[in-house]
Amino acid sequence: MSPQALEQILEGRRSQPNQLIEVLQDIQKNDGYISPESMKAVSQGLGVPLIEVYRVASFYKAFRLKPSGKNVLTMCMGTACHVRGARFLHDQATGQLRVKPGEVTSDGLFSVEHVNCLGACALGPIVAENGSYHHHMTPAKLRKLIETLSRQQTEEKQSVQTQ
Ligand code: FES
């Protein structure tokens with residue numbers, strides 16, 4: 001994150017430890033994750049010990065401590081989705097993309113994450129793609145979704161190269 005962007009986020013919040021979660025949310029919105037450098041700056045800016053910033057950032061699953069892929073596939077592994085085959089979706093995504101949960105594919109296009117509930121249990125199993133929910137997901141539908149996203153990225157890349 002640029003020092004200017006961080007300055008904007010901290011503006012009006014300096015020395016206000018109670019702003020920690022809001023500041024971390026804004027940093028993640030801006031960068032897609034919270035880097036060690038950002039944590040140090042937040043610690044200094046809000047007057048919160050660095051260990052506390054790290055504790056909060058690592059406690060909440062909503063915060064990422066590593067950069068994510070361009071497309072984030074969030075697999076719900078909660079009970080309602082689990083009994084409807086979430087494990088097969090997990091295997092489809094990780095096998096097709098050759099990536100483990102929490103990792104990014106070598107081309108930087110995908111990352112796979114797990115959550116315990118996306119709040120739409122009746123429609124499970126659910127997979128969220130960059131925040132958009134896909135309900136009643138099946139391994140075949142997920143394979144097609146990944147193929148479509150991959151093809152779109154390739155076309156975008158080719159379009160930029162020919163301009
Ligand atoms: S368990 Fe999957 S949405 Fe609730």
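Here is a short conversation about the fold, helix packing and largest pocket of a predicted model.

Me: What makes up the protein chain, in helices and strands?
Reply: There are seven helices and four strands in the protein chain. Following the sequence, the pattern reads α-α-α-α-β-α-α-β-β-β-α. The C-alpha atoms fill a box of roughly 50 × 45 × 20 Å along the principal axes.

Me: Which domains does the assignment give?
Reply: The domain assignment of the protein chain gives domain 1 (3–59) and domain 2 (71–162). Their C-alpha centres are 29 Å apart.

Me: Why is the largest pocket said to lie between domain 1 and domain 2?
Reply: Look at who supplies the lining. Both domain 1 and domain 2 give residues to the lining of the largest pocket, so the pocket lies between them. The volume of this pocket is about 550 Å³. Its lining counts 26 residues, and the closest to the centre are Lys 61, Phe 63, Arg 64, Glu 113 and His 114.

Me: Which helices and strands each supply at least two residues of that lining?
Reply: Helix 4 (50–59), strand 1 (71–76) and strand 2 (110–115) each do so. Strand 2 gives the most, with five residues.

Me: What is the lining of the largest pocket like by class?
Reply: By class, the lining has 12 nonpolar, nine polar and five charged residues.

Me: Now to the helices. Why is helix 6 called roughly parallel to helix 7?
Reply: Helix 6 (residues 86–97) and helix 7 (residues 139–162) pack at an angle of about 30°. Angles under 35 degrees count as roughly parallel, so helix 6 is roughly parallel to helix 7. The axes of these two helices are 9 Å apart, and their crossing is right-handed.

Me: And what makes helix 3 oblique to helix 4?
Reply: Helix 3 (residues 36–46) and helix 4 pack at an angle of about 125°. Set that against the cut-offs: under 35 degrees is roughly parallel, over 145 is roughly antiparallel, and 65 to 115 is roughly perpendicular. The angle fits none of these ranges, so helix 3 is oblique to helix 4. Here the axes are 9 Å apart, and the crossing of helix 3 and helix 4 is right-handed.

Me: How do you know that the peptide bond between Gly 124 and Pro 125 is cis?
Reply: Omega tells us: it is about 0° for the cis peptide bond that joins Gly 124 and Pro 125. Most peptide bonds are trans. Pro 125 sits in the loop between strand 2 and strand 3 (127–129).

Me: What makes the phi of Arg 98 worth a look?
Reply: Phi of Arg 98 is near 55°, which is positive, and this residue is not a glycine. Most residues other than glycine have a negative phi. You can find Arg 98 in the loop between helix 6 and strand 2.

Conventions: Residues are numbered from 1 along each chain as its sequence is written. This is a predicted model: local features need pLDDT of at least 70, side-chain atom pairs count only at pLDDT 80 or more; totals for chains, interfaces and linings use all residues. Side-chain values use heavy atoms; hydrogens and water are left out. On a 1 Å grid over the protein atoms alone, a cavity is a set of points where a 1.4 Å probe fits but cannot get out, and a pocket is an open set with protein on both sides within 12 Å along at least five of seven lines; lining residues have an atom within 4 Å of a point. Grid points are joined across faces, edges and corners, and a volume is the space filled by probe spheres set on the points. Ala, Val, Leu, Ile, Met, Phe, Trp, Tyr, Cys and Pro count as nonpolar, Asp, Glu, Lys and Arg as charged, and the others, Gly among them, as polar. Domain bounds come from an automatic or database domain assignment. Axes are lines fitted to C-alpha atoms, for helices over the stretch in contact, and angles run from 0 to 180 degrees between N-to-C directions. A crossing is left-handed if the near helix is turned anticlockwise from the far one by less than a right angle, and right-handed if clockwise.
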